[in-house]
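Subject: Handover of a structure and its findings

Dear colleague,

Please find below the structure I am handing over to you. I would be grateful if you would keep it open while reading the notes that come after it.

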Amino acid sequence: MKSKLVIGNWKMNLTFEEADDLLNALQEGLADYNLQTEVVVCPPYPYLELATDLAEESNFYAGAQNCSQFNNGAYTGEVSAPMLSALGVEFCIVGHSERRKYFNESNEVIAQKVDRLMEQQLIPVVCCGETLEERKADKHFEVVEKQIKETLFHLKKEDFEHVVIAYEPVWAIGTGETATPAQAVEMHKFIRSLVEKKYGTEIAYNTYILYGGSCNAKNAIDLFANEDIDGGLIGGASLKSGDFITIIEAAETTTKEN
Ligand code: PGA
């Protein structure tokens, strides 16, 4: 089985001191592992430099939670992909459902953000996922297909190869309600089949498709045990170093077992 990818999305949490403590705890906690799993930590912007500095001498990479669809100019409050790149950031989450919901981000804007990240050789972690209403109405495949096609399928093959996809059912985010491994696998297989149709079998196999939504230290192993689940995008459980490291251990164990 290919190695897994585990990404911590801190969202808008932690003071500067707490962020510093958590990054140091992760550095120390992961130092003795010879990890196959790739680990990414995505703190809020003001803590990114702390993260990129530590990442240089640690077993993890630094990622951002968002970026602007523009490179520079009069866009008050925004942070661009070139700025992230200059800081040493290597990954960036885009299209998270919280950004879609609270900041009205459309698939079109998310596609532009993906392009800005690609121009800087940053890896976009592109989120997709349906709401509870959409799942109840049996529209989840349709919704996810539209999100994937409109945010990613304009990319050339050589660019698409660097993209990470995160399937995050909105009803599972921060709710304590996780998708069952069967529900996650069904959607991951569906997403992989879309990628296969567009970009071919090899790229489909190599594409990382992460699960996110109340993935925690207890349930990670059952989710990661499935070969279609290439790791996790972890919110709440990434704020505690012990829990996050247990999730990384689950990724290691399931990679070795398969
Ligand atoms: P959660 O968040 O793990 O707290 O549910 C996941 C995410 O939104 O990325």
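The notes below cover the ligand site, the two largest pockets and one helix residue.

Please bear in mind throughout that this is a predicted model.

Ligand site

The ligand is surrounded by Asn9, Lys11, His96, Glu168, Ala172, Ile173, Gly174, Gly213, Ser214, Leu233, Gly235 and Gly236. Divided by class, this shell holds three nonpolar, seven polar and two charged residues.

Three polar contacts of the ligand deserve mention. In the side chain of Lys11, an N or O atom lies 2.7 Å from an oxygen atom of the ligand. The side chain of Glu168 likewise places an N or O atom 2.7 Å from a ligand oxygen. With Gly236 the backbone is involved: one of its polar atoms is 2.9 Å from an oxygen atom of the ligand. On its own the ligand has 290 Å² of accessible area, and the protein covers 95% of this.

Largest pocket

The volume of the largest pocket is about 480 Å³. Its lining comprises 18 residues, and those closest to the centre are Lys11, Met12, Gln65, Arg99 and Phe103. Lys11 thus appears both in this lining and in the shell around the ligand. Helix H4, which spans residues 97–102, gives the most to the lining, with three residues. In terms of class, the lining consists of nine nonpolar, five polar and four charged residues.

Second largest pocket

For the second largest pocket, the volume is about 280 Å³. It is lined by 16 residues; Ser97, Arg100, Lys101, Thr131 and Val170 lie nearest its centre. Two or more lining residues come from each of H4, strand E5 (123–128) and helix H7 (140–152). H4 provides the largest share here, namely five residues. Helix H4 therefore merits attention in both pockets, because it is the element that gives the most to the lining of the largest one and the largest share to the second. The lining of this second pocket divides into six nonpolar, five polar and five charged residues.

A residue in helix H2

Is Thr52, in helix H2 (residues 48–55), buried or exposed? Thr52 has a relative accessible area of 6%, so it counts as buried, the cut-off being under 20%. A polar atom of the Thr52 side chain lies 3.1 Å from the backbone oxygen of Glu49.

Yours sincerely

Key: Residues numbered from 1 in each chain as written. Predicted model: local features only at pLDDT ≥ 70, side-chain atom pairs only at ≥ 80, totals over all residues. Heavy atoms only, no water. 1 Å grid on protein atoms, 1.4 Å probe; cavity = no way out; pocket = protein on both sides within 12 Å on 5 of 7 lines; lining within 4 Å. Points joined across faces, edges and corners; volume = space filled by probe spheres on them. Helix = DSSP H or I, 4+ residues; strand = E, 2+ residues; numbered from the N terminus. Nonpolar A, V, L, I, M, F, W, Y, C, P; charged D, E, K, R; others polar. Near = heavy atom within 4 Å. Polar contact = N/O pair within 3.5 Å; in protein donor to acceptor, adjacent residues only side chain to side chain. Areas by Shrake-Rupley, 256 points an atom, 1.4 Å probe, with all protein chains shown as cover. Buried < 20%, exposed > 50% of the residue type's maximum accessible area, 1.4 Å probe, protein only.
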